[in-house]
Amino acid sequence: MSSTQTAPLTYLDVVDICDNVHIHRQGSSIFDSAYNSEILIPFHLSDSAGSPAIGLLRPIIIEQLRLENERSKRLGFPETWVMRLDSPDFIVSSKRGSAGPSPRVSFRAGVDTPAARTAVMKELCKRWRDQGTFADVCGPTKWRDEMYPIYADPFGVHDYHVDGADVKRLNYAFEMERSACALFGVVTYGIHMTVYDEVVDEHGRKSLRMWVPTRALTKPTFPGYLDNTVAGGIPSGMPMFESLVKECMEEASIQPDVVRKYARAVGAISYFYRTSKGWLQPEIEYVYDIIIPPNVDPAPFTPRPLDGEVESFEFVSHGQLLTQLRAGLFKPNCGLVIIDLFIRLGYITPDNEPDFMKIINRLHGDFDYGQW
């Protein structure tokens with residue numbers, strides 16, 4: 001990993017790197033003005049009126065789903081995807097189109113339960129993996145073998161199907177392979193935790209010290225970048241805090257009893273990230289802190305690599321942390337979590353940061369979901 005920055009990034013620059021999708025609607029077309037005005041097609045749970053949008057599909061995915069329908073017909077199966085595009089002669093384009101009926105893609109009638117949708121997505125994603133379709137996203141070297149939950153309301157309750165539950169009352173819609181989520185532009189969720197303390201100098205000025213890991217060079221995404229002390233995705237069926245407990249042990253060797261006693265939920269951030277290859281990742285991260293208590297044995301709060309996802313941890317001073325952040329050395333979403341921490345602790349204020357309100361709003365975006 002190397003940084004090509006010649007001038008230090010501003011805090012707003014750090015936000016721009018991660019929250020880099022700008023959705024607009026013109027007539028029936030949704031497009032990303034930050035990415036050559038590429039047309040994006042809403043992905044709905046069903047073709048019925050009022051069915052919620054759960055993702056945004058790029059033109060290349062629309063074309064692939066058309067091929068999937070053709071394959072189903074050749075095999076004598078019903079088409080899986082209902083594709084309501086501008087017209088039968090809809091041309092997949094990277095530019096915005098003209099006004100008309102709003103295009104959309106959805107599961108066919110009959111694929112209308114969490115189990116049925118999950119089965120469709122599981123078969124599809126595994127076949128794409130094995131055939132090398134979108135190998136840079138969900139191919140064998142990118143495959144995570146971890147299921148992520150997809151919700152009808154991305155800002156709603158994180159429930160899950162259990163035996164005997166009324167599936168029609170669930171917000172949980174289905175689950176799918178983690179690595180393939182960016183292909184369908186669905187909202188995903190994670191946890192980020194910072195382990196830190198604050199020290200006061202002889203002049204009464206506070207400064208921060210934080211445990212910062214370096215991501216392993218074998219990681220499928222952002223190898224070698226700096227990260228938050230503990231971070232990870234929330235797997236399907238697991239509550240947020242239990243995901244945190246699991247990740248703390250697996251990534252950092254922080255014992256569950258320490259996490260349960262000292263970790264505190266302090267908020268959330270949300271942003272819409274497009275990868276360098278153009279894939280869409282709207283994400284919500286639940287944020288936690290562990291403040292190292294004064295005058296205690298620091299050993300229980302000292303992270304150590306365990307599962308191979310982290311090369312090393314370093315207890316970084318405030319000045320070093322700022323230098324690393326402004327050099328672009330952190331994984332993009334981790335930079336946002338650090339900025340959020342600086343705001344909560346009073347290091348970034350309306351008096352010392354001219355872009356304060358822009359930053360606040362961008363840290364808590366809604367993916368322009370009303371436009372979907």
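**Figure 1. Tryptophan 81 and its partner across the strands.** In this close-up of a predicted model, tryptophan 81 has phenylalanine 107 of β6 as its bridge partner. The two strands here are β5, which covers residues 81-84, and β6, and they run antiparallel with four bridges joining them.

**Figure 2. Strand β6 beside strand β3.** Stay with β6, residues 104-107, and look for β3, residues 38-44: these two strands run parallel and are joined by two bridges. A handy pair to find is histidine 44 and serine 106, since serine 106 is the bridge partner of histidine 44 in β6.

**Figure 3. The hairpin of β1 and β2.** Here you can follow β1 (residues 23-26) into β2 (residues 29-32), two strands that pair in the antiparallel sense over four bridges. Arginine 25 makes a good starting point, with isoleucine 30 as its bridge partner in β2. Two residues lie between the strands of this hairpin, and in the turn glycine 27 has a positive phi of about 60°.

**Figure 4. Helices α2 and α3 where they pack.** Helix α2 spans residues 59-74 and helix α3 spans residues 114-131; they pack at an angle of about 105°, and their axes are 13 Å apart. Angles of 65 to 115 degrees count as roughly perpendicular, and α2 and α3 are therefore roughly perpendicular to each other. To trace the contact, find Gln64, Leu65, Glu68 and Arg71 on α2, then Leu124, Arg127 and Trp128 on α3. Sorted by class, this contact of α2 with α3 holds three nonpolar residues, one polar residue and three charged residues.

**Figure 5. The second largest pocket.** What is the volume of the second largest pocket? The value is about 280 Å³. Its lining is made of 15 residues, and those nearest the centre are Arg71, Ser72, Thr80, Glu123 and Arg127. Two elements, α2 and α3, each give two or more residues to this lining. With five residues, α3 provides the largest share. By class, the lining has seven nonpolar, three polar and five charged residues. If you have just come from the helix view, you will recognise Arg71 and Arg127, which also take part in the contact of α2 with α3.

**Figure 6. Leucine 306 and the residues it meets.** Leucine 306 sits in the loop between β13 (280-291) and β14 (310-317). Which residues does leucine 306 contact, leaving aside its neighbours within four places in sequence? They are Met249, Glu250, Glu251 and Ser253. Take methionine 249 as a guide to the distances: leucine 306 and methionine 249 are 57 residues apart in sequence, and their C-alpha atoms are 7.9 Å apart in space.

How values were computed
Residues are numbered from 1 along each chain as its sequence is written. This is a predicted model: local features need pLDDT of at least 70, side-chain atom pairs count only at pLDDT 80 or more; totals for chains, interfaces and linings use all residues. Side-chain values use heavy atoms; hydrogens and water are left out. Axes are lines fitted to C-alpha atoms, for helices over the stretch in contact, and angles run from 0 to 180 degrees between N-to-C directions. Angles under 35 degrees count as roughly parallel, over 145 as roughly antiparallel, 65 to 115 as roughly perpendicular and the rest as oblique. Contact means heavy atoms within 4.5 Å. Ala, Val, Leu, Ile, Met, Phe, Trp, Tyr, Cys and Pro count as nonpolar, Asp, Glu, Lys and Arg as charged, and the others, Gly among them, as polar. On a 1 Å grid over the protein atoms alone, a cavity is a set of points where a 1.4 Å probe fits but cannot get out, and a pocket is an open set with protein on both sides within 12 Å along at least five of seven lines; lining residues have an atom within 4 Å of a point. Grid points are joined across faces, edges and corners, and a volume is the space filled by probe spheres set on the points. Two strands pair if DSSP finds at least two bridges between them.
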